[in-house]
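Q: I am a first-year student and should like a close look at one part of this structure. Please describe the largest pocket and its surroundings, and set it in the context of the whole chain.

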Amino acid sequence: MPAAPGAPAEAGAARAKGRPRSAAADLAILDATRETLAELGWGGLTMGHVATRAKVAKTTLYRRWPSKNELVVDAVASLFDELVMPDLGSLRADIEAVVAQFADLLARPETQAALLALFAEGTRDRQLRRRIREAIVDPQKRLVRQGRAAAQARGELAPDTDPSTAREEIDIIFDTIAGTVEHRVLVSGEPITPEWTRRFTDLLLGPLTIN
């Protein structure tokens, strides 16, 4: 049966409207954002610079990210998605493995440039600071939750008895690990060596584990 008049145009419009986002384009844009940020800094980075480097139209960029803030936050968040909590048979081994992953990530020039620029700008922009917490900080607390659950299953940590207390403890553990490693790498400029990681883990595990 022949199509009704106007059907091809309507079908084309439907395909255009429902066209899925390109994962390759997203990856190119996020990579370009970090590279441009490292090269030009926060003040020099524009959506136009990123579009040119990623070889996409500026309109494509704005359809995905309405502002530079959103774009940079997502570019940084995508780096931290690489971190995983292994299950190596002990809480000590799991913590040391995550610290090593985190240190390796922070050692990359693009990570350092992006984080320092983002955190500096966040001190002046309350909305950006909230976005950093929602998109970068809070999602990574999954690592603590996963490691904690595995350690409890092995009998290394006591089971949770109060959800509110558990959330507070997870926040403190995350802040301790992330804050210490970030300070050592980004502020002090000191290396994260295996010996340092072992000593740090000793101090962290002391009050946590069951004796």
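A: Of the 211 residues of this chain, which is shown as a predicted model, 36% count as buried. The secondary structure consists of eleven helices and zero strands, so that reading along the sequence gives the pattern α-α-α-α-α-α-α-α-α-α-α. Among the contacts with a separation of 6 or more, 63% join residues 24 or more positions apart. The chain exposes about 12,000 Å², and carbon and sulfur atoms supply 56% of that area.

We now turn to the pocket itself. The largest pocket holds about 490 Å³ of space. Its lining is made up of 30 residues, and those nearest its centre are Q140, V144, F174, I177 and A178. Several helices take part: helix 6 (91–106), helix 7 (109–122), helix 8 (126–140), helix 9 (142–154) and helix 10 (163–188) each give two or more residues to the lining. Helix 10 gives the most, with seven residues. By chemical class, the lining of the largest pocket divides into 20 nonpolar, three polar and seven charged residues.

One of the helices just named deserves a closer look, for helix 9 contains R148. This residue has a relative accessibility of 9%, and because buried means under 20%, R148 counts as buried. Its contacts, leaving aside neighbours within four places in sequence, are with L157, D160, A166, E169, I170 and I173.

For a view of how a helix can be buried along one side, consider helix 3, which covers residues 47–54 and has M47, V50, A51 and A54 as its buried residues. Seen down the axis of helix 3, these buried residues fall within an arc of 100 degrees, and therefore they line one face of the helix. The general principle is that an α-helix has 3.6 residues a turn, so residues three or four places apart point the same way. The buried residues of helix 3 pack against three elements, namely helix 2 (23–44), helix 4 (58–64) and helix 5 (68–80). Just after helix 3, K55 takes a positive phi of about 60 degrees.

To return to the part you asked about, the largest pocket is lined by residues from helices 6 to 10 among others, and helix 10 gives the most to that lining.

Terms used. Residues numbered from 1 in each chain as written. Predicted model: local features only at pLDDT ≥ 70, side-chain atom pairs only at ≥ 80, totals over all residues. Heavy atoms only, no water. Helix = DSSP H or I, 4+ residues; strand = E, 2+ residues; numbered from the N terminus. Buried < 20%, exposed > 50% of the residue type's maximum accessible area, 1.4 Å probe, protein only. Contact = heavy atoms within 4.5 Å. Areas by Shrake-Rupley, 256 points an atom, 1.4 Å probe, with all protein chains shown as cover. Arc of directions from axis to C-beta. 1 Å grid on protein atoms, 1.4 Å probe; cavity = no way out; pocket = protein on both sides within 12 Å on 5 of 7 lines; lining within 4 Å. Points joined across faces, edges and corners; volume = space filled by probe spheres on them. Nonpolar A, V, L, I, M, F, W, Y, C, P; charged D, E, K, R; others polar.
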